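Dear colleague,

I am passing on the structure we spoke about, and you will find it directly below. After it I have set out what was found, beginning with the metal site and ending with a few individual positions.

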Amino acid sequence: MQPDHVRIFDTTLRDGEQSPGATMTSSEKLEVAKTLSRLGVDVIEAGFAAASPDDLRAVKTIAEAVGVTGVEGRPVPEPPAICSLARAHKADIDKAAEAVAPAKHGRIHTFIATSPIHREHKLRMSKAEVIAKITEMVSYARSFCDDVEFSPEDAGRTEMEFLYEALQAAIEAGASTLNIPDTVGYTIPVEFGERIAMLRQHVPGIDGAVISVHCHDDLGMAVANSLSAVVNGARQVEVAVNGIGERAGNASLEEVVMALHVRRDLFGIGTQVDTTQLTRASRLVSKVTGMVVQPNKAIVGANAFAHEAGIHQDGMLKHEETYEIMRPETVGAGTTQLILGKHSGRHAFANRLTELGYSVSGDGLDKAFARFKKLADKKKHITDADLLALLSDELYQPKEFWRLDAIQVGCGTGMPTATVKLTGPDGQTQTSAEVGTGPVDAVYKAIQNLVHVPCSLLEYTVQSVTEGIDALGEVSVRVSTDDNEAPPGKINPQYEHSRARVFHGHGAHTDVIVASAKAYIAAINRILAIREGTRTANAAAGSAA
Ligand code: KIV
Ligand code: ZN
């Protein structure tokens, strides 16, 4: 039976994490998974378990923590299905099965490329060999799990006749979800929708399976293609928060969900997602991946509900629907309010966090409240935007191997100098001074003198969180490292040789030089945290073998 709603299959933690620099630590992945569960997504693709022991461990942790009972605040009673990707190899499927086993609803998602270009140049396999592999590997996956999804990679460029054959083989071998990926974002909406309609007409047994789509955004068509597929009978859409993913990314979760919500009159079907959680999810994913959301991004961009032109403002004052097709509250964006100040107590602070959708308690709450008090001494009015910046700075940071204790800079037209005092992983405090081309350069050199984690700065951005001279400054950096200790052998399922080597960090402070130092140290801590996770998981895998 077909679902009565469009299933939202979220791949932020798998395809999304394949974006360069979006590498997340295991605890960040778990935080994202909890948020996805609170959103009400149907399936969380938690990773690619065979990529490394660390990835397997992360999927398993999510299966245990989110896949058994869901999380508090989930709008639907059943926990989300937890899925792992697996190439059509026995070893990959073994790892995927192990990783999703703890979940109430575990899913194995196996794939093999079907397009002529992939068959000839990447797989060097004939059509018959590809079909035999599908039959063998889908059946193998079914021996572990009732819920098996099959994807013919690069379906958007596969001959229709061969696609029919491939999908028929997958159905006969027991796949219950057939995912049609436009892997390279090549198709356009009319064409992609027609493909789905033709599959429904020509693949025997397809009505017993759920048709899913997975569209990449290389031509900016990912959301439109996905919606066109829904019109033609697809009942699962694969998406990522903020549209992150390989190259130009995947269809954006918030855009697909809101299109189905706002135009239910046209689609006649919606999703189970709690739309009021969308902004929060977007902010969290942006913070933990370091992928900044463009201000004009639909639904979750900073300007998505801003009206600038006088004629628009006039219309809005007369009637909101003149220029708004949805209310900001519907996506959890609400208008920024003046909320707290230096006399606000811990209770009021914790209440406001709850209203913003954060469940912070214990140590996390103590730390966040201490930061809030310090900020309130410098800044008279603390807005929601300040609170969110402060929270992400305090809570969504990798483990603190190195901590900034003090910083002093001298700058101007002379020689910029910086002195930094850090506490290292051994608890010892060390100091270093440097000169640089500017104060930030001097600070970063002084930090490197102490941490010795060679990396190059790829990107540095600073922005103010709110208006005003006392505004918090938020700095984001991206650094690349190619030393030998970089996370080894992280397999990208599509380009098996590639390695993740770009890392991000962010920091917030009323002094942008301090924010810059914090962002750089956060990126270094991220490199060290990923290395530590890899080492621990490798050691555990080694002792289990
Ligand atoms: O884009 C793609 O084809 C994929 C598959 C692995 C589903 O990500
Ligand atoms: Zn993809």
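Along the chain, the residues that donate to the zinc ion (ligand 2) follow the spacing D-x198-H-x1-H. The pair D15 and H214 links distant parts of the chain, since D15 sits in the loop between strand 1 (7-10) and helix 1 (26-39) while H214 belongs to strand 7 (residues 210-215), 199 residues apart. Please keep in mind throughout that this is a predicted model. The coordinating atoms are OD of D15, NE2 of H214 and NE2 of H216, at 2.0 to 2.2 Å from the zinc ion. Water is not among the atoms, so the site may look incomplete. Both D15 and H214 are buried.

A further residue to look at in this part of the sequence is D217, which lies in the loop between strand 7 and helix 8 (222-231). With a relative accessibility of 25%, D217 counts as partly exposed, because that class lies between the limits of 20% for buried and 50% for exposed. Leaving aside neighbours within four places in sequence, D217 is in contact with A222, A248 and G249. From D217 to R38 the C-alpha distance is 26 Å, and the two are 179 residues apart in sequence.

Turning to the protein chain as a whole, its secondary structure comes to 17 helices and 16 strands. How does the radius of gyration of the protein chain compare with that of a compact globule? For 545 residues a compact globule would have a value near 24 Å, and the protein chain has 24 Å, so the two agree. Taken along the principal axes, the C-alpha atoms fill a box of roughly 75 × 65 × 45 Å. Of the 545 residues, 55% are buried, and among contacts between residues at least 6 apart in sequence, 69% join residues at least 24 apart. The surface that the protein chain exposes comes to about 23,000 Å², of which carbon and sulfur atoms supply 52%. As for charge, there are 54 positive and 69 negative side chains, and the centres of these two sets lie 4 Å apart.

Two residues deserve a look for their backbone angles. Most residues other than glycine have a negative phi. R124, however, has a phi near 50°, a positive value, and its place is in the loop between helix 4 (116-123) and helix 5 (127-142). I299 likewise has a positive phi, near 70°, and is found in the loop between helix 11 (278-289) and helix 12 (310-318). Is each of them buried or exposed? R124 counts as exposed, because its relative accessibility is 67%, whereas I299 is buried, with a relative accessible area of 8%.

Some further positions may be useful to have at hand when you go through the model. H89 lies in the loop between strand 3 (81-87) and helix 3 (90-100) and is partly exposed, with a relative accessible area of 37%. The C-alpha atoms of H89 and T110 are separated by 8.6 Å, with their positions 21 residues apart along the chain as the sequence offset. K133, in helix 5, is also partly exposed, at a relative accessible area of 25%. Not counting residues up to four places away in sequence, K133 touches A88, I112 and M125, and its C-alpha atom is 9.5 Å from that of A169, a residue 36 places away in sequence.

The last two positions are both in loops and both buried. S344 has its place in the loop between strand 9 (338-340) and helix 13 (346-355), and it counts as buried because its relative accessibility is 15%, which is under the limit of 20%. Apart from neighbours within four places in sequence, S344 is in contact with F369, F372 and K373. K379 is found in the loop between helix 14 (362-378) and strand 10 (382-383), and this lysine is buried as well, with a relative accessible area of 4%. K379 and A471 are 92 residues apart along the chain, and their C-alpha atoms are separated by 7.4 Å.

With best regards

How values were computed: Residues numbered from 1 in each chain as written. Chains lettered and ligands numbered in written order. Predicted model: local features only at pLDDT ≥ 70, side-chain atom pairs only at ≥ 80, totals over all residues. Heavy atoms only, no water. Donors = N, O, S within 2.8 Å, 3.2 Å for Na, K, Ca; no water. Helix = DSSP H or I, 4+ residues; strand = E, 2+ residues; numbered from the N terminus. Buried < 20%, exposed > 50% of the residue type's maximum accessible area, 1.4 Å probe, protein only. Rg over C-alpha atoms; globule rule 2.2 N^0.38 Å. Contact = heavy atoms within 4.5 Å. Areas by Shrake-Rupley, 256 points an atom, 1.4 Å probe, with all protein chains shown as cover. Lys, Arg positive; Asp, Glu negative; His and termini not counted. Charge placed at Lys NZ, Arg CZ, Asp CG, Glu CD.
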